[in-house]
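Student: I'd like a close look at one small part of this model, please. Start there, then work outwards to whatever surrounds it in your account.

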Amino acid sequence: MKPIRLLKTVPTMSTEERGRLLDAAEVASSVFGGHVSKKWVFARVPSYYRHKVGRMVLYYEGEVRAWAETLRQAA
């Protein structure tokens, strides 16, 4: 019996909209204005927005900003 997998669809963005690659500390300072920590970014930003480059975990700035906007709309 195959396990059931839930897949989230990431909104398709052009390369210009995705922006630059940032690490968790840069996401915390630039996207969230320093109001959250690097640890919070790892815990809260969904894993399908993570991109592994070697041993580093990076995030596209545009994807994280779009995700953060959904949080603001829900609140």
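Student: In which strand is Leu 21 placed?

Tutor: Leu 21 belongs to strand β1, residues 21-22; helices (H or I, at least four residues) and strands (E, at least two) are DSSP runs numbered from the N terminus. Before going further: this is a predicted model, where local features need pLDDT of at least 70 and side-chain atom pairs count only at pLDDT 80 or more, while totals for chains, interfaces and linings use all residues. Numbering starts from 1 along each chain as its sequence is written, and side-chain values use heavy atoms, with hydrogens and water left out.

Now back to Leu 21. Its relative accessible area is 37%, so it counts as partly exposed (buried is under 20%, exposed over 50%, partly exposed in between; 1.4 Å probe, protein chains only). Together with Val 53 and Met 56, Leu 21 makes up a nonpolar patch on the surface, and the three share about 250 Å² of accessible area (Shrake-Rupley, 1.4 Å probe). Patch members have over 30% relative accessible area and no salt bridge (Lys or Arg side-chain nitrogen within 4 Å of an Asp or Glu carboxyl oxygen); nonpolar side chains are joined within 5 Å, like charges within 9 Å.

Zoom out a bit, and you'll count four helices and three strands in the protein. Reading from the N terminus, the order is α-β-α-α-β-β-α. Strand β2 covers residues 50-53, with Arg 50 in it. Arg 50 is partly exposed too, at 31% relative accessible area. In sequence Arg 50 and Ala 24 are 26 residues apart, yet from C-alpha to C-alpha the gap in space is 9.7 Å.

What about the inside? Of the protein's 75 residues, 25% count as buried. The largest nonpolar core (buried Ala, Val, Leu, Ile, Met, Phe, Trp, Tyr and Cys joined through side-chain atoms within 4.5 Å) has 13 residues, and Val 27, Phe 32, Val 41, Val 45, Tyr 59 and Val 64 touch the most other members. Two elements, α2 (24-31) and α4, each give two or more residues to this core. The top contributor is α2, with four residues. As a general tendency, nonpolar side chains in soluble globular proteins are buried together.

Then there are the rings. Three aromatic pairs turn up (ring centres within 6.5 Å, using the six-membered ring of Trp; planes under 30 degrees apart are stacked, over 60 edge-to-face, the rest tilted). One of them joins Phe 32 and Trp 40 edge-to-face, with 5.2 Å between centres and 75° between planes. Phe 32 is buried, at a relative accessible area of 12%, whereas Trp 40 is partly exposed because its relative accessibility is 25%. Trp 40 also pairs with Trp 67: the centres are 6.5 Å apart and the planes meet at 50°, so this pair is tilted. That pair ties together distant parts of the chain, since Trp 40 sits in helix α3 (residues 38-44) and Trp 67 in helix α4 (residues 61-74), 27 residues apart. Trp 67 is buried, at 12% relative accessibility. Through these ring pairs, Phe 32, Trp 40 and Trp 67 become a cluster.

One more resident of helix α4 deserves a glance: Glu 63. With a relative accessibility of 3%, Glu 63 counts as buried.
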